[in-house]
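User: I would like to learn how to read some local features of a protein model. Please take them one at a time, with the general idea before the case.

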Amino acid sequence: MEELLDIYDGTGKSLGFSKPKSEVHLNGFWHKSFHCWILNKNHLDEDCILLQKRSSNKKSWPDKYDISAAGHYTSGEGIEGGLREIKEELGVNISQENLIPLGIRVCIEEFDPKAKNHEFQDIFFLEENRKLEDYKMALNEVSGLVSIPILKGIQLFAGQIPVINAQGYILNENGIVEKREFNITINDFIPTLDNYYFKILILANRFLKGENLLLI
């Protein structure tokens, strides 16, 4: 059964009804979602951010690199829906107290000709230093995980380097996890109007330097 999403007006006020997810994206109804960016260390002890490689089975942006864990709040859900998404996609139980809030991103994007994405996105950081191989990737959602050094990510989006080489894991079609070397360029990310990935990397760098006034 298709999931239902609560519908809002352009100010974030609930309109008191829900619509099927496909209809929401077809018509550009305002809805809410959850983004969690996981900060960790790689084998060189560099500060990194965890990227999810979307499954090739995804209807939107298959095989692109994206947020560590993300998803829509289904009808009636609050932050518990975001914690559910982390569990479903990565197999990790997280408490709300561990999330570092970055505020709300107002997203209006229509890069996908099949979808009008009008979202209020709750954005969070999470410091989580477990090994990449210890995550349990959801076969139909995630095809790989890779940690990229934050400073190299900033250089990539600033146009200072053309590619990032990083180690990670893929989940093959048989559900087997394999270690891989990833070569990542800007074109491997989902397009955004607001340089979203660049902003997140800059905020992550500031957070790990001890700054606490952070807002997306």
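Analyst: What follows goes through cysteines, salt bridges, a surface patch, an asparagine in a loop and backbone angles. The model is predicted.

User: How many disulfides are there by the distance rule?

Analyst: A disulfide is a covalent bond between the sulfur atoms of two cysteines. The rule asks for two cysteine sulfur atoms within 2.5 Å. By this rule the count is 0.

User: Why does Cys-48 form no such bond?

Analyst: The closest cysteine sulfur to that of Cys-48 belongs to Cys-36 and is 16 Å away, so the two are too far apart for a bond. Cys-48 is also buried, at a relative accessible area of 0%.

User: And which cysteine sulfur is closest to that of Cys-107?

Analyst: Again the one in Cys-36, here at 18 Å, which is too far for a bond. Cys-107 has 2% relative accessibility and therefore counts as buried.

User: Next, salt bridges. How many does the structure hold?

Analyst: The test is a side-chain nitrogen of Lys or Arg within 4 Å of a carboxyl oxygen of Asp or Glu. The structure holds 12 salt bridges. One of them pairs the side chains of Glu-141 and Lys-58, at 2.8 Å from N to O. This pair links distant parts of the chain, 83 residues apart. Glu-141 is in the loop between β8 (117-127) and β9 (142-149), while Lys-58 is in the loop between β4 and β5 (65-66).

User: Are the partners Glu-141 and Lys-58 buried or partly exposed?

Analyst: Glu-141 is partly exposed with a relative accessible area of 29%, and Lys-58 is partly exposed with 21%. For Arg-105 and Glu-109, the closest N and O atoms of the salt bridge are 3.0 Å apart, and both residues are buried.

User: Which residue forms a salt bridge with Glu-178?

Analyst: Arg-180 does, with 3.2 Å between the closest N and O atoms. Glu-178 is partly exposed at 28% relative accessible area, and Arg-180 is partly exposed at 41%. Elsewhere, Glu-77, Arg-84, Glu-85 and Glu-88 are joined into one network by salt bridges that share partners.

User: Which residues form the nonpolar patch on the surface?

Analyst: Ile-104, Val-106 and Ile-108 form it, and together they have about 280 Å² of accessible area. Ile-104 is part of strand β7, which covers residues 100-109.

User: Where is Asn-172, and what does its side chain meet?

Analyst: Asn-172 sits in the loop between β10 (164-171) and β11 (177-184). With a relative accessible area of 17%, Asn-172 is buried. A polar atom of its side chain lies 2.9 Å from the backbone nitrogen of Ile-176. Neighbours within four places in sequence aside, Asn-172 is in contact with Leu-139 and Glu-178. Glu-178 is the salt-bridge partner of Arg-180 discussed above.

User: The last feature is phi. Which value does Asp-45 have, and which does Asn-195 have?

Analyst: The sign is what to read here. Phi of Asp-45 is near 65 degrees, a positive value in a residue other than glycine. Asp-45 belongs to the loop between β3 (30-41) and β4 (47-54), and its relative accessibility of 55% makes Asp-45 count as exposed. For Asn-195, phi is near 55 degrees, also positive in a residue other than glycine. Asn-195 is in the loop between β11 and α4 (196-208), and is partly exposed with a relative accessible area of 49%.

Notes: Residues are numbered from 1 along each chain as its sequence is written. This is a predicted model: local features need pLDDT of at least 70, side-chain atom pairs count only at pLDDT 80 or more; totals for chains, interfaces and linings use all residues. Side-chain values use heavy atoms; hydrogens and water are left out. Patches are made of residues with over 30% relative accessible area and no salt bridge: like charges are joined within 9 Å, nonpolar side chains (Val, Leu, Ile, Met, Phe, Trp, Tyr) within 5 Å. Accessible areas come from the Shrake-Rupley method with a 1.4 Å probe; for residues, only the protein chains shown count as cover. Helices (H or I, at least four residues) and strands (E, at least two) are DSSP runs, numbered from the N terminus. Buried means under 20% relative accessible area, exposed over 50%, partly exposed in between (1.4 Å probe, protein chains only). A polar contact is a pair of N or O atoms within 3.5 Å; within protein, one must be able to donate a hydrogen and the other to accept it, and residues adjacent in sequence count only if both atoms are side-chain atoms. Contact means heavy atoms within 4.5 Å.
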